[in-house]
Amino acid sequence: MIRGIIFDCFGVLYVDTSQYFYEHHVKNYEDLRPELKNLNKAADYGLLTQAELNQAVSELTGLDLPFVSAHIEGIHKRNDALMEYLAELRKTYKVGVLSNIGPGSMDKYFSKEERDTLFDTVVMSGEERMTKPHPLIFALTAERLGLTPGECVMIDDVEENCSGADAAGMRAILYESNAQVKRDLEKILKDQNA
């Protein structure tokens, strides 16, 4: 029986990430994409602070450091409609967030007070030194909710992460839109009660 719903942060609860910045401001983005991806992954693992990431991106792309620092994180917008749905779900289910994010970076998106109020747990890769799609981080998130992976649904916008959730024993929904997620989740929840 499903008792917990876990949301990804960027691309789901917050839309438009650093990808937007790279695509719109890095002239040779296609050539640099593998290196930029590796830098983001290092930050997600907690190996780079945001300031170190900004510096590395500036050096790699030739963009001025103040410009990178001012804009690389400035594109995120909270998905208010999905947050309202999440609040409704929390009346019945445990709700968590599992995000690939560097240490200390979540405060810019959800304050400590908001995290305590909105979610039952928030698991951040940079604090755990483990990132999605590794199955262990999904299992850890379920455990922090007091549940087994089989009692959870993971909602993520990256197919590889959904595969990692599946490998951990969770159901997974690939996020494409709010309406699609609601439809897919409600089908899973309805089917378990049939």
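Here's a quick tour of the cores, the aromatic pairs and one helix in this structure. Keep in mind that this is a predicted model. The largest nonpolar core has 31 residues, and a search of the whole structure turns up eight aromatic pairs.

**The cores**
- Inside the largest nonpolar core, Phe7 and Ile155 have the most contacts.
- Strands E1 (4-7), E4 (94-99), E5 (121-124) and E6 (152-156), plus helices H5 (80-89) and H10 (178-193), each chip in at least two residues.
- H5 gives the largest share of this core, with five residues.
- Another core, of 16 residues, lies apart from that one; Phe21, Leu32, Leu36 and Ala43 are among its members.
- Skipping neighbours within four places in sequence, Ile155 touches residues including Ile5, Phe7, Val12, Tyr175 and Leu185.

**The aromatic pairs**
- Tyr14 and Phe110 make an edge-to-face pair, because their ring centres are 5.5 Å apart and their planes sit at 85°.
- Tyr14 is in strand E2 and Phe110 is in the loop between E4 and helix H6, so this pair ties together parts 96 residues apart in sequence.
- Both are buried: Tyr14 has a relative accessible area of 7%, and Phe110 has 1%.
- Tyr22 and Tyr29 are stacked instead, since their planes are at 15°, with centres 6.3 Å apart; both of these residues are buried.
- Ring pairs also join Phe10, Tyr14, Tyr109, Phe110 and Phe119 into a cluster.

**Helix H3**
- H3 covers residues 50-61, and its end C-alpha atoms are 16 Å apart, which agrees with the span expected for 12 residues at 1.5 Å a residue.
- Its buried residues are Leu53, Asn54, Ala56, Val57, Ser58 and Thr61.
- Right after H3 comes Gly62, with a positive phi near 85°.

Notes: Residues are numbered from 1 along each chain as its sequence is written. This is a predicted model: local features need pLDDT of at least 70, side-chain atom pairs count only at pLDDT 80 or more; totals for chains, interfaces and linings use all residues. Side-chain values use heavy atoms; hydrogens and water are left out. Helices (H or I, at least four residues) and strands (E, at least two) are DSSP runs, numbered from the N terminus. The expected span of a helix is 1.5 Å times one less than its number of residues. Buried means under 20% relative accessible area, exposed over 50%, partly exposed in between (1.4 Å probe, protein chains only). A nonpolar core is a set of buried Ala, Val, Leu, Ile, Met, Phe, Trp, Tyr and Cys residues joined through side-chain atoms within 4.5 Å. Contact means heavy atoms within 4.5 Å. Rings of Phe, Tyr and Trp (its six-membered ring) pair if their centres lie within 6.5 Å; planes under 30 degrees apart count as stacked, over 60 as edge-to-face and the rest as tilted.
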